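Welcome to a short tour of the structure shown here. We will look at one chain as a whole, then at a residue within it, a helix pair and some cysteines.

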Amino acid sequence: MTLLLIIFFLAAVLIINLPPKAFFKKIAFWLALFLLLLQLVFVFLPRSLWTGLNTLCSSNNFSMVQDSLSMVMLLSIAIVGLVALLVAKAHIKSENKLFNFVCLLLLCCIGMNGMVVVTDLFTLYLFLEIVAAAVYIMIVFEKNQNAYEGAFKYFILSAIATTLMLAGVGLTLSTVGALSFTALQIYFANTAQISAGATIGVLLFMAGLFIKSGLVPFHGWLPDAYQAAPNPVSILLAGIVTKSSGVYALVRLGMLGVLVPESLKTLLLAFGAATILIGALAALWQKDFKRMLAYSSISQVGYIVLSLGAGTLLGYAGAIFHMFNHAILKSLLFVNSAAVESRTGTRDMDAMGGFAAKMPWTGATSVIGALSISGIPPFSGFWSKLVIVIALWKAGLHYYAAFAILASLLTLSYMLYMQRKVFFGKLIEGYDDLREAGFLYILPSVILALITIGLGIGFPFIVGTMLMPVAIFNW
Amino acid sequence: MNGDLNQLFGLFLLFLSLLLIAGVYLITATRNLIRILIGMEIMTKAVTLLIIAAGYVTANIALAQSIVITLIIVEVVVLLVGAGIVVGVFMLTGDISVKALKNMRG
Amino acid sequence: MTFFVLILSALLLVALATALVADLLVAAIWLALLSVLTTIAMFYLNSPLAAVFELSICAGLITVIFISTISLTRLTSNQEKKTAARTRLKKYIWLPMVMLVIGIALYLTLDINLTLPLLTPETDVRKVIWNLRQFDLLGMLIILLVGVFGVVVLFKEKFNNER
């Protein structure tokens, strides 16, 4: 049934490009809004919706995963996609450009929806490339020089990443003989002597995913791409694109039992820890609002990978929960930066100060986002970091658990630094007639802030229903 | 028979890794954006042939072929987007050297 | 076996030539030759269908894309030819040596052990594409659409020149 989320979107993109074009240009935004809301509904009511269409998609040839991990990813895609769409409506003035942007956004969402449901290593690569191609185009959407620079860096590192992944696919094909997830799972579970070819293949595939998710030695492209992209694209990139194209596949491989060898786990732990530390330290130095958030994003991805490195079910649960939280919180903070930029025209944090007095909604939601991502109770970020720390501790990785706790202090420090620079203190001169950003910026940030508060307070109630089943492997 | 195939695959693996390294070297050594795209193409050639070779030695050539056909389509679209980015850089800066891409630091 | 050694060596030599030539247009043509050699290797590896795609798309379409990109950015390409030709040799003299060293290292360490797949796989490529890998077909359709929008956004829309 998840197939409908691809088919509907694709049909929508095709239809709005047919004549009468003037009419479809007007409704393109609303159609995209409707489709993403539909996806949201689908995630919460997977069974009750379209039961009649069930037979259409029960064909075996489109084999798909529909476990809780995919559902969580589909949910995040829908939420971040909606937020990006609303901000795009406010950000892009020209109707023609908005139309092109909506089409690309829908194609990108198709790619991500496909990526989180496929059951084949190569099809995963294919959808990853769809998302990447759509995102390169979206980054250079406003055609300024920095955007081209960010896009080209992303392009080159992605090219290397996908080559590595394809080399991994080739080696896996030569040793496992098939590429479907089931075949991989069976091979890694049952083969006594896992051949070197398969291990190297998985390692190469993982190296590609590391580049795609911007882990530390390979993070060069990420801040540039995030900083230079138009605001709605930054939200999309930081919130969901890097997560679904890099980290999701890592989680999936982990749940398939492919990351069993101890050396792979050590690799994940080492890369995760390095990423947390260097991302957080680099974030402390930044003067550009979006660049600071980009480094913060790198650091948070480090937490997800560290949690994967624990290698237990709780570790996977922590990784998935943190991934969801990060999608919510980072898009919230990027919406705030977009709101500030829309009113002041600058992203230089040195030229800001005391904006909370003039932009109360933006200021308040940004405080919530910053506290939540630093792991302050009762927000949801606290719980996901707690799960990660417990998972690491239970796996016997005491030093890494202590490191995760200490590093969240670093997160707190750069987030508070950002708050002090931008929102608190005395209002700096020249901004006396600063107004609150438009409705299209306020609405998503309030909704995202409510989600993180609700998830944080309601966590004890949903822990049994939403979080833990994720870790139980079911097809 | 299996030994022969092993040897053949080893041969492909050896030469294709070298081809891959040539592509990576070209990407890192050059300052010309179009040459970077050419290096990317060389790398893609290497993995394409690797997949075909892997399919051949495991008697799974149909799967390998269908994968490679998809791969070639993806390659064209990605290259098209890359070429568009290079042309855009040229339109904005009048240069297609890596020097045109050194604005952002830190 | 000897045939494959020959063709793979030719592949490496052509790749070196692609890297070393000073003129970009010539490099693009060497790249096309690389595709042709790949096609021949594919043909002898029992994959005629993929070989046809490789020949028509990689040797044909991609060369066209490269040549049009090079002619669109011709101005600097000419300048680059003069200045780069001198520094070129210095930069790439390392490439054959690096390849030689890594080649020997790989030759000594490489010991791949194949396990043939347990299931008998489908051998008809048409069946694999149309029946077993429909998701890939859908993906191809989507990525072609992305390419269309790429052309619209990247090539058709105007630039706001703010150097």
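Reading along the sequence, chain C has the pattern α-α-α-α-α-α-α. That corresponds to seven helices and zero strands in chain C. Please keep in mind that this is a predicted model.

Some overall figures for chain C help to set the scene. Of its 163 residues, 43% count as buried. Chain C exposes about 9,100 Å², and carbon and sulfur atoms supply 72% of that area. Among the contacts in chain C between residues at least 6 apart in sequence, 57% join residues at least 24 apart.

For a single residue of this chain, take C:Ile67, which is found in helix α3 of chain C, residues 48–72. How far apart in sequence and in space are C:Ile67 and C:Leu24? They are separated by 43 residues in sequence, while their C-alpha atoms lie 8.8 Å apart. C:Ile67 itself has 33% relative accessibility. It counts as partly exposed because this value falls between the 20% and 50% cut-offs.

Now to chain A and a pair of its helices. Helix α9 (residues 221–228) of chain A packs against helix α10 (residues 231–255) of chain A at an angle of about 145°, and their axes are 8 Å apart. The crossing of α9(A) and α10(A) is right-handed. On the α9(A) side, the contact is made by A:Trp221, A:Leu222, A:Ala225 and A:Tyr226. From α10(A) come A:Ser234, A:Leu237, A:Ala238, A:Thr242 and A:Lys243. By character, the residues of this contact divide into six nonpolar, two polar and one charged.

Finally, the cysteines. How many disulfides does the structure hold over all chains? The count is zero. A:Cys108 is in no disulfide, and the nearest cysteine sulfur, that of A:Cys109, is 6.0 Å away. That pair does not qualify because a disulfide needs sulfur atoms within 2.5 Å. A:Cys108 has 0% relative accessibility and counts as buried. A:Cys103 likewise counts as buried, at 0% relative accessibility. Both assignments follow because buried means under 20% relative accessible area.

The table gathers the accessibility values for the residues discussed.

| Residue | Relative accessibility | Class |
|---|---|---|
| A:Cys103 | 0% | buried |
| A:Cys108 | 0% | buried |
| C:Ile67 | 33% | partly exposed |

Technical notes. Residues are numbered from 1 along each chain as its sequence is written. Chains are lettered from A and ligands numbered from 1 in the order in which they are written. This is a predicted model: local features need pLDDT of at least 70, side-chain atom pairs count only at pLDDT 80 or more; totals for chains, interfaces and linings use all residues. Side-chain values use heavy atoms; hydrogens and water are left out. Axes are lines fitted to C-alpha atoms, for helices over the stretch in contact, and angles run from 0 to 180 degrees between N-to-C directions. Helices (H or I, at least four residues) and strands (E, at least two) are DSSP runs, numbered from the N terminus. A crossing is left-handed if the near helix is turned anticlockwise from the far one by less than a right angle, and right-handed if clockwise. Contact means heavy atoms within 4.5 Å. Ala, Val, Leu, Ile, Met, Phe, Trp, Tyr, Cys and Pro count as nonpolar, Asp, Glu, Lys and Arg as charged, and the others, Gly among them, as polar. Buried means under 20% relative accessible area, exposed over 50%, partly exposed in between (1.4 Å probe, protein chains only). Accessible areas come from the Shrake-Rupley method with a 1.4 Å probe; for residues, only the protein chains shown count as cover.
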